[in-house]
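Biologist: I'm new to reading protein models. Could you walk me through this one, one question at a time?

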Amino acid sequence: MKNHSGKIIITGLKTLSLVMLVALALASCKKGDSRSHGVNLMEESELLAIYDRDGYDEVYIVSPKGDDVAHYVLVEEEDSIPAGLEDDVVVIRVPLTGLVIDSEIYASALEELGKTGSIKGMFDASYVTSAAIQQRLKNGEIQDVGQPASPNTEKILKLQPDALVISYFDGMQTQAVDKLGIPVIKMFDLQETSPLGRAEWIRLIGKLVGASEKADRVYYDVKEKYNALLRENVAGEFRPKVLTETMYEGIWYVPGGNSYQARLIKDGGGNYFKSADGSSGSLNLTAEQVLMEGGDADIWLVRHYGDGNQLKAILEADPVYGEVKAYKDRNVYFSDTSKSGLFREFPFHPDRLLQDYRIIFSGDTTSALRYFEKLNLPAKRE
């Protein structure tokens, strides 16, 4: 709804009519940006800026090119709307208590913040691996609302959520959810170029659901642990060449060389095979391109939904995989994402994945891995 000044107001009360939130897009807001004055509370994020104003928070999200995407203020339910706001500002009444989310990543963050009860519905619920969230789905406390591209609109409208929280990427079509007339919060953390930059988005989630102090504690604990691991690096140590993922329907999808995932590999002591690439999104490569640039990789990291026997059968079935040096040398490490918890944990806890990488890349055979395990392959092929 709108107040007398015409400003758009998003309320946290399910009983009030909701208007669509101005689309958030890819972002890159840095401290000292001319868009705002004051001190940006965000320290590592390149895509998000939050300013502590007198009695409310002001949030900016912009694209990597510097384009304005979203500008809103978070106002407590009982507080007055600040005067003199710009025309593009979206006012969000916090805390939000009824959410439909599309990613277990955000469910995991809400669970850690003690706000699981705010989740009313989930997209792609069949991919949930958290036992706690699975139980809430089974009990009907959380509803499966289909997929973002083809949502179960009847279920969503019946839930009367305060907002939809979706993981957004550049060029993503959101008309199916936009037309519901419910605020769509498009999270752009996936486009961050540093692991800590992405992890810092939990601070925005905390502010949205009334758990700001706890979110700050989580983030600063992660930052301290991550930086402590970085300080352990030894100058001049061997950096093995690292290949990632496998083909899907003929395309080899890998992270761009300027992505936070590539940065994690670098920080872990590896030499990512696409490190020279300047993109932060996903790359769609052919097998020929991968073999040309990464076929000589010393280590191969694969995230696979299923156990090692399934993965081994997949690799053995396609001769392309047999050309990879790491395969021949039996240096393939995989994470069974149906059980490991990798996807739901590492975006806001990159220190945990960094620890695995340091163990793998250093050749440490005594330390326990959290997410990965070495694939049991036949003896080295000549």
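Biologist: Take the contacts in the chain with a separation of 6 or more: what percentage comes from residues 24 or more positions apart?

Modeller: Bear in mind that this is a predicted model. A contact here means heavy atoms within 4.5 Å. Among the contacts with a separation of 6 or more, the share from residues 24 or more positions apart is 60%.

Biologist: And how many helices and strands does the chain have?

Modeller: The chain has 382 residues, and 54% of them count as buried. As for the elements, there are 20 strands, and the helices number 13.

Biologist: Let's look at α7 and α13. Are they roughly parallel or roughly antiparallel to each other?

Modeller: Helix α7 covers residues 212–231 and helix α13 covers residues 350–362, and their axes lie 8 Å apart at an angle of about 20°. Angles under 35 degrees count as roughly parallel. So α7 and α13 are roughly parallel.

Biologist: How many residues of the contact of α7 with α13 are nonpolar?

Modeller: On the α7 side, the contact uses Val222, Lys225, Tyr226, Leu229 and Leu230, while α13 brings Pro350, Asp351, Leu354, Gln355 and Arg358. Sorted by type, 3 are charged, 1 is polar, and the nonpolar ones number 6.

Biologist: Now some rings. Why is the pair of Tyr219 and Tyr220 edge-to-face?

Modeller: Ring centres within 6.5 Å make a pair, and planes over 60 degrees apart count as edge-to-face. For Tyr219 and Tyr220 the centres are 5.2 Å apart, so the rings do pair, and what makes the pair edge-to-face is the angle between their planes, 65°.

Biologist: Which of those two, Tyr219 or Tyr220, is partly exposed?

Modeller: Buried means under 20% relative accessible area, and partly exposed runs from there up to 50%. Tyr219 has 1% relative accessibility, so it counts as buried. With a relative accessible area of 32%, the partly exposed one is Tyr220.

Biologist: Is helix α8 largely enclosed by the rest of the structure, and how many of its 8 residues are buried?

Modeller: Helix α8 spans residues 260–267. Its buried residues are Tyr260, Gln261, Ala262, Leu264, Ile265 and Asp267. The helix is therefore largely enclosed by the rest of the structure, and the buried count is 6.

Biologist: Last one: which residue takes a positive phi just after α8?

Modeller: Helix α8 ends at residue 267. Just after it, a phi of about 105° turns up, and the residue that takes it is Gly269.

Terms used:
Residues numbered from 1 in each chain as written. Predicted model: local features only at pLDDT ≥ 70, side-chain atom pairs only at ≥ 80, totals over all residues. Heavy atoms only, no water. Axes fitted to C-alpha atoms, helices over the stretch in contact; angles between N-to-C directions. Helix = DSSP H or I, 4+ residues; strand = E, 2+ residues; numbered from the N terminus. Parallel < 35°, antiparallel > 145°, perpendicular 65-115°, else oblique. Nonpolar A, V, L, I, M, F, W, Y, C, P; charged D, E, K, R; others polar. Phe/Tyr/Trp six-rings, centres within 6.5 Å; stacked < 30°, edge-to-face > 60°. Buried < 20%, exposed > 50% of the residue type's maximum accessible area, 1.4 Å probe, protein only.
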